[in-house]
Amino acid sequence: MLGLLNKFNHKAELRESKDEILIGEVVRAMARQGAIAVSFLANDDFQRVKFKLQKDPVVSYVYITLDRKTGTGMVGAALFGSKATLTVSAETKNYLSDPDDLIAMYRTDLANLFRMPVLGGIKLNHELNSIFATTTLIIDIDTYVMKGDPGVQALMGHLHRTIHELREKLRPYKKG
């Protein structure tokens, strides 16, 4: 009877920690692409990791945020699966600016005020000397976690494609 109870507790802990496992896989996938994790922020169902891209000519930092929405309980996991929002932001830094850059920055910021990006769309934002491109997707954590090499490869491909799309949106704004 004690063994059965321990097995039940182990399954509950495993179900509740899938988002932490996925963040570990994200760190591993980004490290394979040459990115260095420089900052971690986490609470119960929210994790954010900041990565430094060393040799990228456009993107300075990538922020990956995983916010778990379902699947922490046995019933929720059975009904909805383990769903989460995966937000990927890429940051480019410009240390010099000219008046034309400021005008373009204000145009983009005004456009952001009057539109909301569709899920999966890319939003641009300026903050002082940084320009951010951000996209958010709803993912199923079970697609990537505890699937072995195919899950890791799928995650690496997904992150690579997403960062490439963000890089291309930021490329026109990168100066020198």
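Colleague: Serine 60 is found in the loop between S2 and S3, and I would like to know why serine 60 is called buried.

Modeller: This is a predicted model, and every value I give is computed from it. The relative accessible area of serine 60 is 12%, and the word buried is kept for residues under 20%, so serine 60 is called buried.

Colleague: Which residues does serine 60 touch, leaving out those up to four places away in sequence?

Modeller: Serine 60 touches Phe51, Lys52 and Leu53, and also Glu91, Thr92 and Lys93, where a touch is taken as heavy atoms within 4.5 Å.

Colleague: Proline 57 is also found in the loop between S2 and S3; is proline 57 buried or exposed, and why?

Modeller: The relative accessibility of proline 57 is 60%, and exposed means over 50%, so proline 57 counts as exposed. Its C-alpha lies 9.0 Å from that of arginine 171, although the two residues are 114 apart in sequence.

Colleague: What makes glycine 121, in the loop between helix H4 (99-113) and strand S5 (122-127), count as partly exposed?

Modeller: Partly exposed covers the range between the buried limit of 20% and the exposed limit of 50%, and glycine 121 has a relative accessibility of 24%, so the label partly exposed applies to this residue. Leaving aside residues up to four places away in sequence, glycine 121 touches Thr134, Thr135 and Thr136. From C-alpha to C-alpha, glycine 121 and alanine 133 are 9.9 Å apart, with their positions 12 residues apart in sequence.

Colleague: How do you know that strand S3 (residues 61-68) is mostly covered?

Modeller: Of the 8 residues in S3, 7 are buried, and the description mostly covered rests on that count. S4 is described in this way too, with 10 of its 11 residues buried.

Colleague: How do you know that strand S2 (residues 46-53) and S3 pair?

Modeller: At least two bridges are needed before two strands are said to pair, and S2 and S3, which run antiparallel, are joined by 7, so they pair. One of the residue partnerships here is phenylalanine 46 with aspartate 67 in S3.

Colleague: What joins S3 to strand S4 (residues 83-93)?

Modeller: There are 8 bridges between S3 and S4, and these strands run antiparallel. Valine 62 stands opposite alanine 90 in S4, while threonine 65 faces threonine 87 in S4.

Colleague: In which sense do S4 and strand S6 (residues 130-140) pair, and over how many bridges?

Modeller: Their pairing is antiparallel and extends over 11 bridges, and serine 89 has threonine 134 in S6 as its bridge partner.

Colleague: How many bridges join strand S1 (residues 35-42) to S2?

Modeller: S1 and S2 run antiparallel and are joined by 7 bridges, with isoleucine 36 partnered by lysine 52 in S2. The connection from S1 to S2 is a hairpin through 3 residues.

Colleague: Which residues line the second largest pocket, and what makes the lining divide as it does into nonpolar, polar and charged?

Modeller: The lining consists of Met30, Gln33, Gly34, Ala35, Leu53, Gln54, Lys55, Asp56, His160, Ile163 and Arg167. Met, Ala, Leu and Ile belong to the nonpolar kinds, Asp, Lys and Arg to the charged, and the others, Gly among them, to the polar, so the lining divides into 4 nonpolar, 4 polar and 3 charged residues. Helix H5 (residues 149-170) gives the most to this lining, with 3 residues, and the space in the pocket is about 190 Å³.

Colleague: What does the protein chain look like as a whole, in helices and strands?

Modeller: The protein chain has 5 helices and 6 strands, which follow the pattern α-α-β-β-β-α-β-α-β-β-α along the sequence. Of its 176 residues, 38% count as buried. The accessible surface comes to about 10400 Å², and carbon and sulfur atoms hold 60% of that surface.

Colleague: Among contacts between residues at least 6 apart in sequence, what share joins residues at least 24 apart?

Modeller: That share is 58% in the protein chain.

How values were computed. Residues are numbered from 1 along each chain as its sequence is written. This is a predicted model: local features need pLDDT of at least 70, side-chain atom pairs count only at pLDDT 80 or more; totals for chains, interfaces and linings use all residues. Side-chain values use heavy atoms; hydrogens and water are left out. Helices (H or I, at least four residues) and strands (E, at least two) are DSSP runs, numbered from the N terminus. Buried means under 20% relative accessible area, exposed over 50%, partly exposed in between (1.4 Å probe, protein chains only). Accessible areas come from the Shrake-Rupley method with a 1.4 Å probe; for residues, only the protein chains shown count as cover. On a 1 Å grid over the protein atoms alone, a cavity is a set of points where a 1.4 Å probe fits but cannot get out, and a pocket is an open set with protein on both sides within 12 Å along at least five of seven lines; lining residues have an atom within 4 Å of a point. Grid points are joined across faces, edges and corners, and a volume is the space filled by probe spheres set on the points.
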